[in-house]
Amino acid sequence: MNEDNFSYHPQEVKEREKLPPILTSSASGGTDRATKSHFTFSSFISTINQKKEAASRRNLAAQLVKQNGKSVRELPPICPGVRQKQRLSIETLHPEMKAPIPPEMKAPIPPEMKAPIPPEMKAPIPPEMKAPIPPEMKAPIPPEMKAPIPPEMKAPFPPEPSRVIPICTKTAKEFQEDMEKAKTSGDWTSVHDFYLTTFNSFLELNAAFKKDANAPFNTIEDSGINIKYLNAVYDSLLSTPPDTQKAVLKGIINSLLREWKGARTKDDLRAYFTLVQNPQYTSTPTYVIFAHLLRQIATLAEADHHFLVHWFTKLSQRRFKQLVDRLLQFISLRLFPAKSEELPPMGKCTWWNPSATKVLALLNAANSISNPPIIPFTDFYNLTLDHIDIMEEYNTWHSYGNSHRFSFCQFPFILSIAAKKTITQRDSEQQMISIARQSLVDKVSRRQRPDMTLLFLNIKVRRMHLVSDSLDELTRKRADLKKKLKVTFVGEAGLDMGGLTKEWFLLLIRQIFHADYGMFAYQMDSHCHWFSSLKCDNYSEFRLVGTLMGLAVYNGITLDIRFPPCCYKKLLSPPIVPCDQNTPVGSAAVSLDDLQLVMPELAHGLNELLAYEGNVEEDFCSTFQVFQEEFGILKSYNLKPGGDRIPVTNQNRKEYVQLYVDFLLNKSMYKQFAAFYYGFHSVCASNALMLLRPEEVEILVCGCPELDMHTLQKVAQYEGYTKTDPTIRYFWDVVLGFPLELQKKLLHFTTGSDRVPVGGMVDLNFKIAKHDVSTDWLPISHTCFNQLCLPLYKSKKELKQKLTIAISNAEGFGME
């Protein structure tokens, strides 16, 4: 579309805030289009005002003529073949936008000018504009007054306006043929008329795109719209002449200006579903129209939203992604317009972004109920929001919740993981400061000398008793968990500037998750850890692991922990610790897909059971009873009361599989996970957790698994080297040529984790330092500072050989 035709100037602010009225289209179709003047929204409005004034003068003159007794010519009859189209002003859509008429401009009408309207000038009121008469006001008609109606005058009573569907005048094939002819001949009259008529009302939209005009299609499974035809019309729209594209926008305005009475029909929902997919909403000149469309969709009833959500799931991935991107762009440009004069002032259209975000929430809901999701959840992130005052949004949401005060935090799917990390860390810092301040106040109030160590959570441990000392310290200092963490190794000199804390986490996690420790079982098939179901008297060590995870998130440290995704789903069930201690925690709704990521072989066997075509009861001889080995003893558990006497059959096998999965992932290790849950939330108890998805909690704890070594090369720092030195050039040539597995090993060797922090490689502060030793030495690393110490190797071959040996044998070697 030629955007110059939709120019915007400051003096048009007031007009652009409103939807422009509609000019009555010429009956001559395409011939008059060539003579139309340059189109702007302000000229649109001024033209309407001029016509209204001229019409008022003509009506006044007509009344004066009638007063003088002169004859008045009667209005010509309306041709039955012409559809009556309702024209409404923008004030009907938004009454609060009406400009009041100054008193001095209101002139009284002289009595002699108030003439009654002659009967012959009274035009009949169209049926669709007649308001229904309440039953209590309907008086019965006496029988003697009921005259028989001549047969020739009997006409079928027009149905309800919302039910009237015009006849579809063009098929998809005919439309394509018209497009081909127009491109060949240059005559766009037929195509223009089609677009002008189709988008002029909701009725015409349904007539054009509804599969069957007479079918109600009142189902969430099928919108009733011919999607292929609709896509063809929209794909062709952007290649039509500018006046045709303007005609579509004018028609949409006319459609949105309808005066609604009562609930929306399914045909109305189909029209909204159709209009929101229009590809024209990609530039700011169309945003006024787009905003009003979004507002009407956002204010629909919940039941109507339910239909739209399910209809959105039927869109193709490409169309769905395009719609999401248009809405995200709309929000971004409203927040940060390229030119301030392109859009109305923010103060006069505060409802724009709330409306767009609510419609985006419908698409997010559609994506969530689709299996698999149509697009990744990260595609809903609006990175522009990383640059606003996100804490102000969080505080508004924290104070007002989901009330009338809009905040982007009401719709956390739109916030990127970086924005959520900022909220989590700032919220943590505020809690740290508050707790530390209270400790100092308590100390002073008791007239004791203030000690700066009160500002920190100070952990002192012995390397030989790492787990037991850590457990004792965290248990004893439970009230200080929300202070800044400082770690000291007994008998070792050193000041913790972050390196000792990182080392403490690294060593403690490595020891706790060792197979000999027995707390967690490593699943070889899925390469992850899972909770041991062995019963014990004390689950405090599971609480310690949860506390460690909470401290890592709280202090912004990435851990090398490999839990399956369902662990983080359980960790947010619920996201806030319930007040009632008897309320179950950590029990999430799990499925066979969750088990697939923990125990793939068992999940495969259960899938085979569900797909088995023979007699399950006779061939498998299973009951609703399962067995687990504990300390060499096989113990049985009933999945339901009397399960050992209930056979698994073809009819109840789905129930058996669901109960088995729930037993494995929830019930069999409930006490272990509950202790883990309470440990995590003892540190991270915050409303900020309500903003996070399980996948995002995993990223906050473990970092991002995707590596970008090119970015790491750009942000790397050097000590003793420069980026142009031969050794550094050799290093990056080797690393960029490594397979992914070796790149992960290098990252683990250097930082203690093979995952990237939430902020990406930039947050690693990766440094390569010159190591003045013989080139016979292997590289070493300081994981506390993300530093790689590299000898001055003379060739690429030598560097590759020594680096590969070092990173491949890094467990307990070469790391300081």
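Helices here are DSSP runs of H or I with at least four residues, strands are runs of E with at least two, and both are numbered from the N terminus. The model is predicted.

**Overview**

Task. State how many helices and strands the chain holds, and what share of its residues is buried.

Solution.
- Step one: take the elements. The chain has 28 helices and 10 strands.
- Step two: apply the cut-off. Buried means under 20% relative accessible area.
- Step three: read off the share. Of the 816 residues, 46% count as buried.
- Step four: look at contacts between residues at least 6 apart in sequence. Of these, 73% join residues at least 24 apart.

**Cis peptide bonds**

Task. Find which loops hold P372 and P574, and give omega for the bonds N371 to P372 and S573 to P574.

Solution.
- Step one: start with P574. This residue sits in the loop that runs between helix 18 (565-571) and helix 19 (592-596).
- Step two: take its bond to S573. The peptide bond is cis, with omega about -5°.
- Step three: turn to P372. Its loop lies between helix 12 (352-369) and helix 13 (390-400).
- Step four: take the bond between N371 and P372. This one is cis, with omega about 0°.

**Positive phi**

Task. Locate H527 and N765, and give the phi of H527 and of N765.

Solution.
- Step one: place H527. It lies in the loop between strand 3 (520-523) and strand 4 (528-531).
- Step two: give its angle. Phi of H527 is near 55°, positive although the residue is not glycine.
- Step three: place N765. Its loop joins helix 27 (740-751) to strand 8 (767-771).
- Step four: give its angle. Phi of N765 is positive, about 55°, and N765 is not a glycine.
- Step five: check accessibility. N765 counts as partly exposed because its relative accessibility is 49%, and exposed would need over 50%.

**Salt bridges across the chain**

Task. Explain what the pair R463 and E492 ties together, then find which helices K796 and D733 link.

Solution.
- Step one: recall the principle. Side chains of opposite charge can pair when their charged atoms come close.
- Step two: check the distance. The closest N and O atoms of R463 and E492 are 2.4 Å apart, and the cut-off is 4 Å.
- Step three: place both residues. R463 is in the loop between strand 1 (456-461) and helix 15 (466-476), and E492 is in the loop between strand 2 (484-489) and helix 16 (499-512), so the bridge ties together parts 29 residues apart in sequence.
- Step four: check accessibility. R463 is partly exposed at 36%, and E492 is partly exposed at 35%.
- Step five: take the second pair. K796 and D733 form a salt bridge with closest N and O atoms 3.6 Å apart. K796 belongs to helix 28 (residues 796-808) and D733 to helix 26 (residues 726-737), so distant parts of the chain, 63 residues apart, are linked.
- Step six: check accessibility again. K796 is partly exposed at 39%, as is D733 at 45%.

**A salt bridge inside one helix**

Task. Explain how E798 and K802 are spaced in helix 28.

Solution.
- Step one: take the distance. Their side chains meet in a salt bridge at 3.9 Å, N to O.
- Step two: count along the helix. E798 and K802 are 4 residues apart in helix 28, so about one helical turn separates them.
- Step three: apply the general rule. An α-helix has 3.6 residues a turn, so residues three or four places apart point the same way.
- Step four: check burial. Both E798 and K802 are buried.
- Step five: widen the view. The whole structure has 23 salt bridges. K210, D267 and R270 are linked in a network of salt bridges.

**The largest cavity**

Task. Describe which elements line the largest cavity, then describe helix 17.

Solution.
- Step one: take the volumes. There are 3 cavities of 30 Å³ or more, and the largest encloses about 60 Å³.
- Step two: list the helices. Helix 14 (417-445), helix 17 (540-555) and helix 23 (670-684) each give at least two lining residues. Helix 14 gives the most, 4 residues.
- Step three: sort the lining. It has 6 nonpolar residues, 4 polar and 1 charged. Among the lining residues are D427, V553 and Y554.
- Step four: follow helix 17. Its 16 residues span 22 Å from first C-alpha to last, close to the expected 22 Å. Of these residues 13 are buried, so the helix is largely enclosed by the rest of the structure.
- Step five: look just past helix 17. G556 follows, with a positive phi near 70°.

Note on methods
Residues are numbered from 1 along each chain as its sequence is written. This is a predicted model: local features need pLDDT of at least 70, side-chain atom pairs count only at pLDDT 80 or more; totals for chains, interfaces and linings use all residues. Side-chain values use heavy atoms; hydrogens and water are left out. Buried means under 20% relative accessible area, exposed over 50%, partly exposed in between (1.4 Å probe, protein chains only). On a 1 Å grid over the protein atoms alone, a cavity is a set of points where a 1.4 Å probe fits but cannot get out, and a pocket is an open set with protein on both sides within 12 Å along at least five of seven lines; lining residues have an atom within 4 Å of a point. Grid points are joined across faces, edges and corners, and a volume is the space filled by probe spheres set on the points. Ala, Val, Leu, Ile, Met, Phe, Trp, Tyr, Cys and Pro count as nonpolar, Asp, Glu, Lys and Arg as charged, and the others, Gly among them, as polar. The expected span of a helix is 1.5 Å times one less than its number of residues. Contact means heavy atoms within 4.5 Å.
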